[in-house]
Amino acid sequence: MDRKITPVSKIFLVIIFFILYAPIFFLIFYSFNSGGNMNNFEGFTFDWYKELFQDTRLLIIVLNTLVVALLAALFSTIIGVMGALGIHAARRRQTKNTLLSINNVLIVSPDVIIGASFLVLFTMAGIKLGFYSVLLSHIAFCVPIVVLMVLPKLSEMSPTLLDAARDLGASRLDVITKVVLPYITPGIFAGFFMALTFSLDDFAVTFFVTGNGFSTLSVEIYSLARRGISLNINALSTLLFLFTLILVVIYYFINQRQQKPVLGGRK
Amino acid sequence: MANAIIEFKSVTKQYDNDPPVLDDVSFEIERGKFYTLLGPSGCGKTTILRLIAGFTEASDGEIYFNNKITNHVPANKRQVNTVFQDYALFPHLNVFENVAFGLRIKKMKNAEIEQKVKEALSFVNLEGYENREIREMSGGQRQRVAIARAIVNEPEVILLDEPLSALDLKLRTEMQYELRELQRRLGITFIFVTHDQEEALAMSDEIFVINKGKIQQSGTPTDIYDEPINRFVADFIGESNIVTGKMVQDQLVEMVGKRFECVDGGFQSNEPVEIVIRPEDLEITTVERGKLQVKVDSQLFRGVHYEISSYDQDGNEWLVHSTKKAVVGEEIGLYFDPEAIHVMRFNETEEEFDKRLEAYTDGSGHGK
Ligand SMILES: Nc1ncnc2c1ncn2[C@@H]1O[C@H](COP(=O)(O)OP(=O)(O)OP(=O)(O)O)[C@@H](O)[C@H]1O
Ligand SMILES: [Mg+2]
């Protein structure tokens, strides 16, 4: 970047980040408070964390959340990649645009509406609310995200690459497994991680479709917070924050690895 | 024909309701020769290659490969490999794996693959580059990888779509030699696409000149250069002076109000014709000795020669290539041999043209 960052914009940036992150750090800070409230800091303690780890119900919920997120990310990546391949293969421009618009509508429509409509669907279809209903709905709202991450990679790929593979004797399946998939791998990874984070921190949709006896972290935190302030929540949120931070770092490094060639390569 | 490896019979290619991209094209490709498809942008060269390779299907007509109809054979089942204009190397594979791609598909043994890839890379002078990534290769090297990737499969035909267009002049000339040499060594049929006429003349056994989806003329480089069939070919291949005139009788043509001896025949008397004289066949001389009298309008130094533009009294432009300098504004004479004149009939098809040429060069008589 050539343009200099002026001191004013630097300060502005710092203030913005401060405002954005202050509540989180505030939360983290009080998770170590022995005082039991967020008004005054009495002393340093790990008690809340200990309590957290002794709470088996909570641990099961954490496990549930992770299982749902991983499965949802996995399935939505598979479905999303196939969808992207389908949209990309559409011959007519109009078909392509229509499919893409349908995809985008799902991304921009409010979670509440998606959640409510899933609730209606599941009750009408007679699917019991619980693990499967949550998983299904998570897969459903993750698929469009994966499609959106994978499609640009596909359209960036030169069509002669496919001709070249066919020319060298590759069957249609070979073309996909040996050329297309390796080419769009960065997009697939990006889609997977996006789906993972979206599923992990989804509240609204999940809130509608969890039944009795099944809950995810975000829903659980919400109900804890409603019952009254306990620093348990702070500890839990801190751990969640660290976890997403780790995800972001992993994602960053994967991205770096794949971008290096582009940066290092000469045109 | 026994030796024909590819044959197009009245092939037409049309997209939707647009005018046809290829219009009733027929030709034969013989085994082991170097062919060039030459023509302006958009004339259908790439389309012909895509039809041969099987990336697209003909709307009408038959395409034969080894005397068998191949219209509906999928691309991966054809004994043809392509060097793409943009190389189309796989960016996620290194040089070795790019070249090995076709062999791996064929499930060849690793040891054999290794040996064949090494061999192919040494063919294109890229030994020791096996482990390079594609992005680490220069344009010319990438192109050679693309060629190695095609020849390693030992196809019967290699299609090359303007593979040299991205290279600088020096590298390009070098690659022209290398390609031609490679083709001789391997004995594989090459079909080469270019819109550079010099490249076509330098490399080919046979040239197809294409315009607007039709083959205008096919023949050896000298045939096409010396005996262009019509104005388009004469203009497209090399520089030329083209004027209209009429054929008084065989071996006597009239242009710019004068009669000249020539060597063409097989015309009706007083038939209107077009006359081509190549700039290098014109010789500058004094006004008295010249067959044509012209006034020098401008001149350009082209390195090997001067390109002199001059006009006769009728306003026809005459380009002259001369190693001697002329003086702008001066009246000069132009001298040329009867052999330098080439006479073209209007709207003559290639068949008629060939027949006529045969008739009068055999000495079997005038105007049949
Ligand atoms: N998929 C397509 N749909 C419609 N028209 C097409 C398609 N592909 C090619 N054409 C048209 O066919 C004509 C010939 O194209 P082609 O690619 O064969 O030209 P070319 O001789 O290779 O030209 P160039 O030298 O520019 O590469 C062009 O007018 C082009 O617009
Ligand atoms: Mg082309």
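**Exercise 1. Find the residues with the most contacts inside the largest nonpolar core of this predicted model.**

Step 1. Define the core: buried Ala, Val, Leu, Ile, Met, Phe, Trp, Tyr and Cys residues joined through C-beta atoms within 7 Å. Buried means 20 or more other C-beta atoms within 10 Å of the residue's own, with C-beta atoms placed from the backbone.

Step 2. Read off the result. The largest core holds 137 residues. Cys142(A), Ala195(A), Leu159(B) and Ile191(B) have the most contacts inside it.

Step 3. Look for another core. A second, separate one has seven residues, including Tyr30(A) and Ile233(A).

Local features need pLDDT of at least 70 and side-chain atom pairs 80 or more, while totals for chains, interfaces and linings use all residues. Residues are numbered from 1 along each chain as its sequence is written, with chains lettered from A and ligands numbered from 1 in the order written.

**Exercise 2. Classify the packing of α3(A) against α6(A).**

Step 1. Locate the helices, which are DSSP runs (H or I, at least four residues) numbered from the N terminus. They are residues 56-89 and 131-156 of chain A.

Step 2. Take the geometry. The angle is about 45 degrees, and the axes lie 6 Å apart. Axes are lines fitted to C-alpha atoms over the stretch in contact; angles run from 0 to 180 degrees between N-to-C directions.

Step 3. Assign the class. Angles under 35 degrees are roughly parallel, over 145 roughly antiparallel, 65 to 115 roughly perpendicular, the rest oblique. Therefore α3(A) is oblique to α6(A).

**Exercise 3. Describe the contact between chains A and B.**

Step 1. Apply the criterion: C-beta atoms, placed from the backbone, within 7 Å.

Step 2. Count. Chain A gives 17 residues and chain B gives 18.

Step 3. Find the largest share on chain A's side: α7(A), with six residues.

Conventions. Helices (H or I, at least four residues) and strands (E, at least two) are DSSP runs, numbered from the N terminus. Two residues are in contact if their C-beta atoms, placed from the backbone, lie within 7 Å. A residue is buried if 20 or more other C-beta atoms lie within 10 Å of its own, exposed if 12 or fewer, and partly exposed in between; C-beta atoms are placed from the backbone.
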